[in-house]
Amino acid sequence: MISKKVPISILIILVLGATAYLLLQHSETKLGNSIDKVSQEPHFEDYLANEIYKETHAVLDFSSDPTGSYIREDRRKEATQNIAKIGPNFAGHYYIISDGCGTSCSTFWAADLTTGKLYALLGTSGPAPSFRLNSRLMIYGPETSRGSTATNYYVFDNNQLKLVYNFTK
């Protein structure tokens with residue numbers, strides 16, 4: 001058998017690509033359909049969080065979601081430090097953690113500060129999603145593909161993103 005050495009950069013690219021694929025596959029199963037789709041562009045005020053969590057936050061359990069182990073150690077440390085400084089930044093009691101998965105690729109998790117559990121969200125090849133502390137609405141896009149631009153609006157409900165509106169032009 002002939003053995004060829006594979007450059008480390010190629011191995012890293014393959015691992016990052018496989019990670020992104022697994023995250024996207026997993027996040028697709030997290031999309032629910034129980035919230036009705038709306039006929040016009042939603043606004044953050046349409047999906048207000050019940051309350052803003054101001055208590056001491058739970059210790060994050062990165063193993064609580066199957067994809068949590070993909071979050072790099074430096075991103076874990078940064079998230080933990082930011083949570084200690086600012087607390088939640090999404091839907092009243094969640095903190096959004098992001099990590100890169102390659103060129104123009106990012107993946108996102110919602111960390112529940114009341115329980116410490118992580119929930120995988122969608123990955124994106126476009127800009128980071130828009131979200132607010134006092135709202136359950138998360139907006140992905142605009143992302144351009146095959147000549148069209150799409151913006152997707154999701155509501156975070158029962159620890160899942162649910163598509164409620166899509167704007168494509």
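These are my notebook entries on a sheet, its loops, a pocket and a disulfide in a predicted model.

**Entry 1: the sheet**

I began with the strands. Three of them make an open sheet, ordered E4-E5-E6, and the pairing is antiparallel. Strand E4 (137–145) and strand E6 (160–168) each have a single partner strand, so they stand at the edges and one side of each is left without a neighbour in the sheet. I also looked up the twist: on average, neighbouring strands here are turned by 25° against each other, direction ignored.

**Entry 2: the bridges**

Next I went through the pairings. How many bridges join E4 to E5? I found seven, with the two strands running antiparallel. Within that pairing, Thr144 has Thr149 in E5 as its bridge partner. Strand E5 covers residues 148–157 and is joined to E6 by eight bridges, again antiparallel. On that side I noted Ala150, which stands opposite Thr168 in E6.

**Entry 3: the turns**

I then checked phi where the chain passes between strands. A reminder to myself: most residues other than glycine have a negative phi. The hairpin of E4 and E5 has two residues between the strands, and there Arg146 takes a positive phi near 55°.

The loop between E5 and E6 was my next stop. Asn158 is found there, and its phi is positive at about 50° although Asn158 is not a glycine. Asn159 has its place in that loop too, with a positive phi near 60°. Are these two buried or exposed? Asn158 has 58% relative accessibility, which is over 50%, so Asn158 counts as exposed. Asn159 has 22%, which lies between the 20% and 50% cut-offs, so Asn159 counts as partly exposed.

**Entry 4: the pocket**

Both loop residues turned up again when I looked at the second largest pocket, whose lining includes Asn158 and Asn159. The volume of this pocket is about 180 Å³. Phe156 and Asp157 also line the pocket, as do Ala49, Asn50, Glu51, Ala91, His93, Tyr94 and Arg136. I sorted the lining by type and got four nonpolar, four polar and three charged residues.

**Entry 5: the disulfide**

Last, I searched for disulfides, and the structure holds one. Which cysteines form it? They are Cys101 and Cys105, with their sulfur atoms 1.8 Å apart. The angle about the S-S bond is -70°, and the link is left-handed. I looked up the accessibility of Cys101 as well: at 6% relative accessibility, under the 20% cut-off, Cys101 therefore counts as buried.

Note on methods
Residues numbered from 1 in each chain as written. Predicted model: local features only at pLDDT ≥ 70, side-chain atom pairs only at ≥ 80, totals over all residues. Heavy atoms only, no water. Pairing = 2+ DSSP bridges. Helix = DSSP H or I, 4+ residues; strand = E, 2+ residues; numbered from the N terminus. Axes fitted to C-alpha atoms, helices over the stretch in contact; angles between N-to-C directions. 1 Å grid on protein atoms, 1.4 Å probe; cavity = no way out; pocket = protein on both sides within 12 Å on 5 of 7 lines; lining within 4 Å. Points joined across faces, edges and corners; volume = space filled by probe spheres on them. Nonpolar A, V, L, I, M, F, W, Y, C, P; charged D, E, K, R; others polar. Disulfide = S-S within 2.5 Å. Buried < 20%, exposed > 50% of the residue type's maximum accessible area, 1.4 Å probe, protein only.
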